[in-house]
Structure formats: C-alpha cells, structure tokens
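Please look over the sequence and the structure shown here before reading the report that comes after them.

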Amino acid sequence: MTTEVRSRRSAARTAALVFGIAFLLVGVLGFVPGITAGYADLHFAGHESGARLFGVFTVSVLHNLVHLVFGVLGVLAARANGGSRAFLMIGGGVYVLLFVFGLAMNHDTPANFIPVDDAGDWLHLGLGVAMIAAGIATTAADRKRGRYPEPEIQGH
C-alpha cells in the first residue's frame, strides 16, 4: 500500500509540497526573535519595519503573513497534480513580478508596503525562477514516466 501511495505522488506534487513547507517555515521564522534581527522594530507593514529575517531580509507582519498564505496554498496545491503545476507556475510568476516591482520602486516610499529590499528583490527573482523551473521540470519528468497528463485524462 505504501508503494502504491508513493507511486501516485507526482514530481509536481512533491515540488509544490516542498515549496509550500519552505514558505510556511519562513513565515513562522519571521515571527521568531533572534532569527529575525531587530524584532522589536517589526511593523505590521511598510518600509519603516526594521526587522530583518536572518539579519538580511526586511520583513513585516504582512510580509510574514504573505509567506504563510503562500505556504498554505502550496501544501493545499500539492494534493492534486494540476493544482501543483498551477502553484509552481503562477506562484513563480508572482515572485518574478514582485522582483520587477521591487526594482521599479524606491524602497523608502509608502509604495513599499510589503516591504522589500535589495536582498529580497534578488531572492524573489531566484525563487520565482526556481518555482517556474520546477513546474517545467516536474511536468517533463511526469511526462517521461507516463503520468502527465494524468492517466484518467488520457483516455478521454
């Protein structure tokens, strides 16, 4: 039975689950003093937040909540192959757009409500590219194994 359950988990579902868990972990860590330097300066939102996750990435309560929401979405998406692919591709696109948004705006303005900084901008680009690449690579891997499209869809 265990082998059968494992064989049904697609590469895309596994990738979505891994990204989802990572987002949940980062969202929680953003609320942990010590791991988040300057925790006393954690604001709900805005560029004035002085809290830095791992001492590097500016975070706020809103920023941490966004990570938690993305994490929940990733874990829920991992329940289905199509949802996993959508989470990886759309979520990756959102993070690439967040990178562009971060580059286009002045980080010291009210427009920086999340907030983001230079380190976060580059992390968002890497994360977006990694998620999109995972969506493409896992689809290719599942096709090679004859799992994409899903067997129940192939016959229709």
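The report below goes from the overall fold to single helices, then to the salt bridges and the surface.

## Overall fold

The model described here is predicted, and every value in the report was computed from it. The protein contains 6 helices and 3 strands, and when these elements are read along the sequence they follow the pattern α-α-β-β-β-α-α-α-α.

Of the 156 residues in the protein, 38% are buried. If one takes the contacts whose partners have a separation of 6 or more, 61% of them are between residues 24 or more positions apart. The protein exposes about 8500 Å², and carbon and sulfur atoms supply 70% of that area.

## Helix α3 and its buried face

Helix α3 covers residues 61-77, and because a helix of 17 residues should span 24 Å at 1.5 Å a residue, the 24 Å found between its end C-alpha atoms agrees with what is expected. The residues of α3 that count as buried are His63, Asn64, His67, Phe70, Gly71, Gly74 and Ala77. Seen down the axis of α3, these buried residues fall within an arc of 150°, so they line one face of the helix.

What, then, covers the buried residues of α3? The cover includes the helices α2 (11-29), α4 and α5 (118-144), together with the strand β3 (57-58).

## Helices α2 and α5

Helix α2 is made of 19 residues, and the 27 Å from its first C-alpha to its last is close to the 27 Å expected at 1.5 Å a residue. Its buried residues include Ala11, Ala12, Ala15 and Ala16, as well as Phe19 and Phe23, and the charged-name residue Arg13 is also in the list.

Helix α5 has 27 residues and reaches 39 Å between its first and last C-alpha atoms, close to the 39 Å expected at 1.5 Å a residue. Among its buried residues are Gly120, Asp121, His124, Leu127, Met131, Thr138, Thr139 and Asp142, and the buried residues of α5 pack against α2, β3, α3 and α4. Val129, which has its place in helix α5, is partly exposed, with a relative accessible area of 46%. Although Val129 and Gly93 are 36 residues apart in sequence, their C-alpha atoms are 8.1 Å apart in space. After α5 comes Gly146, whose phi is positive, near 75°.

## Salt bridges

How many salt bridges does a search of the whole structure find? It finds 3. One of them joins Arg52 to Asp117, with the closest N and O atoms 3.0 Å apart. This pair links distant parts of the chain, since Arg52 is in strand β2 (residues 52-53) while Asp117 is in the loop between α4 and α5, 65 residues apart. Arg52 is partly exposed, at 34% relative accessibility, whereas Asp117 is buried, with a relative accessible area of 10%.

Another salt bridge forms where the side chains of Asp142 and Arg85 meet, at 2.8 Å from N to O. Asp142 lies in helix α5 and Arg85 in helix α4, so this pair ties together parts that are 57 residues apart in sequence. Asp142 also forms a salt bridge with Arg145, where the closest N and O atoms are 3.7 Å apart, and in this way Arg85, Asp142 and Arg145 are linked in a network of salt bridges.

Are the members of this network buried or exposed? Asp142 counts as buried because its relative accessibility is 0%, and Arg85 is also buried, with a relative accessible area of 9%. Arg145, by contrast, is exposed, because its relative accessible area of 52% is over the 50% cut-off.

## A nonpolar patch on the surface

Which residues make the nonpolar surface patch of about 360 Å²? The patch is made by Met89, Ile90, Val94 and Ile136. Helix α4 (residues 81-104) gives the most to this patch, with 3 residues. Met89 lies in helix α4, and with a relative accessible area of 34% this residue counts as partly exposed.

Technical notes:
Residues are numbered from 1 along each chain as its sequence is written. This is a predicted model: local features need pLDDT of at least 70, side-chain atom pairs count only at pLDDT 80 or more; totals for chains, interfaces and linings use all residues. Side-chain values use heavy atoms; hydrogens and water are left out. Patches are made of residues with over 30% relative accessible area and no salt bridge: like charges are joined within 9 Å, nonpolar side chains (Val, Leu, Ile, Met, Phe, Trp, Tyr) within 5 Å. Accessible areas come from the Shrake-Rupley method with a 1.4 Å probe; for residues, only the protein chains shown count as cover. A salt bridge is a side-chain nitrogen of Lys or Arg within 4 Å of a carboxyl oxygen of Asp or Glu. Helices (H or I, at least four residues) and strands (E, at least two) are DSSP runs, numbered from the N terminus. Buried means under 20% relative accessible area, exposed over 50%, partly exposed in between (1.4 Å probe, protein chains only). Contact means heavy atoms within 4.5 Å. The expected span of a helix is 1.5 Å times one less than its number of residues. The arc is that of the directions from the helix axis to the C-beta atoms.
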